[in-house]
Amino acid sequence: MSSNERLRAVDFEVFGRVQGVFFRKYTEKEAKKLGLKGWCLNTPNDTVKGVLEGVPSKLEEMKKWLQKTGSPQSRIDTAIFSNEHDISEYSFDSFSIKH
C-alpha cells in the first residue's frame, strides 16, 4: 500500500441464496486475501451483511466478488453497498465472522 493511498469503508448486504452455503466463510477468506478488514454476519432476513475497510482498489475488487462470485454454492441476486466514506484509520484488527 502506498503511503498516499487513502482508506475507505463501506457497508454491504447480499441477497439471494447466501445462508447455509459457506458464504460468510468465503467472504472472510476473500477479504483477508485482499487485505481488507471488517466483519460479516447472517441476518434474520436470510441475507449476509457487513462492513469492509481498506484501500479503494481492493474494496472495488471485493464489491465485484460480492456481486458476482460468492461461495461456490451461493446464488447472488443482488448486493447493495451503502454509506461509503473515507476513514483515517482501520476500526477493526482483521476481517471476522460475527454470530
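Visitor: How many of the 7 residues of β3 are buried?
Guide: In this predicted model, 6 of them are buried, so β3 is largely enclosed by the rest of the structure.

Visitor: Which strand pairs with β3 over 7 bridges?
Guide: That's β1, and the two run antiparallel. To find a spot in that pairing, look at Phe 12, whose bridge partner in β3 is Gly 50.

Visitor: And how many bridges join β2 to β3?
Guide: There are 6, and that pair is antiparallel too. Leu 41 has Lys 49 as its bridge partner in β3.

Visitor: Which residue takes a positive phi in the hairpin of β2 and β3?
Guide: Asp 46, with phi near 65°. The hairpin has 5 residues between its strands.

Visitor: OK, zooming out. What's the strand order in the sheet?
Guide: The order is β4-β1-β3-β2-β5, in an open sheet of 5 strands with mixed pairing. β4 (75-87) and β5 (95-97) each have a single partner strand, so they stand at the edges with one side lacking a neighbour in the sheet.

Visitor: By how much are neighbouring strands turned against each other on average?
Guide: By 15°, if you ignore direction.

Visitor: Parallel or antiparallel for β2 and β5?
Guide: Parallel, over 3 bridges, with β2 covering residues 37-42. Trp 39 is one residue to look for, as its bridge partner in β5 is Ser 96.

Visitor: What about helices? Which strands does α1 lie across?
Guide: Helix α1 (residues 23-33) lies across β1 (7-17), β2, β3 (48-54), β4 and β5. It runs at about 175° to β5.

Visitor: And which strands does α2 touch?
Guide: Helix α2, residues 56-68, packs on the sheet and touches β1, β3 and β4. Its direction makes about 160° with that of β4.

Visitor: Switching to charges. How many salt bridges does a search of the whole structure find?
Guide: It finds 9. A good place to start is Arg 8, which forms one with Glu 84, their closest N and O atoms being 3.3 Å apart.

Visitor: Where do Arg 8 and Glu 84 lie?
Guide: Arg 8 is in strand β1 and Glu 84 in strand β4, so the pair ties together parts that are 76 residues apart in sequence.

Visitor: Buried or exposed, what does Arg 8 count as?
Guide: Buried, because its relative accessibility is 15% and the cut-off for buried is under 20%. Glu 84 is at 33%, so that residue counts as partly exposed.

Visitor: Which Asp side chain meets Arg 8 in a salt bridge?
Guide: Asp 86, at 2.7 Å from N to O. Asp 86 lies in β4 and Arg 8 in β1, so this pair ties together parts 78 residues apart in sequence. At 45% relative accessibility, Asp 86 counts as partly exposed.

Visitor: Which residues do salt bridges with shared partners join into one network?
Guide: The network takes in Arg 6, Arg 8, Glu 60, Lys 63, Glu 84 and Asp 86.

Visitor: Last one: which residue does Asp 77 form a salt bridge with?
Guide: Arg 75, with the closest N and O atoms 2.9 Å apart. Arg 75 counts as partly exposed, at 44% relative accessibility.

How values were computed. Residues numbered from 1 in each chain as written. Predicted model: local features only at pLDDT ≥ 70, side-chain atom pairs only at ≥ 80, totals over all residues. Heavy atoms only, no water. Pairing = 2+ DSSP bridges. Helix = DSSP H or I, 4+ residues; strand = E, 2+ residues; numbered from the N terminus. Axes fitted to C-alpha atoms, helices over the stretch in contact; angles between N-to-C directions. Contact = heavy atoms within 4.5 Å. Buried < 20%, exposed > 50% of the residue type's maximum accessible area, 1.4 Å probe, protein only. Salt bridge = Lys/Arg side-chain N within 4 Å of Asp/Glu carboxyl O.
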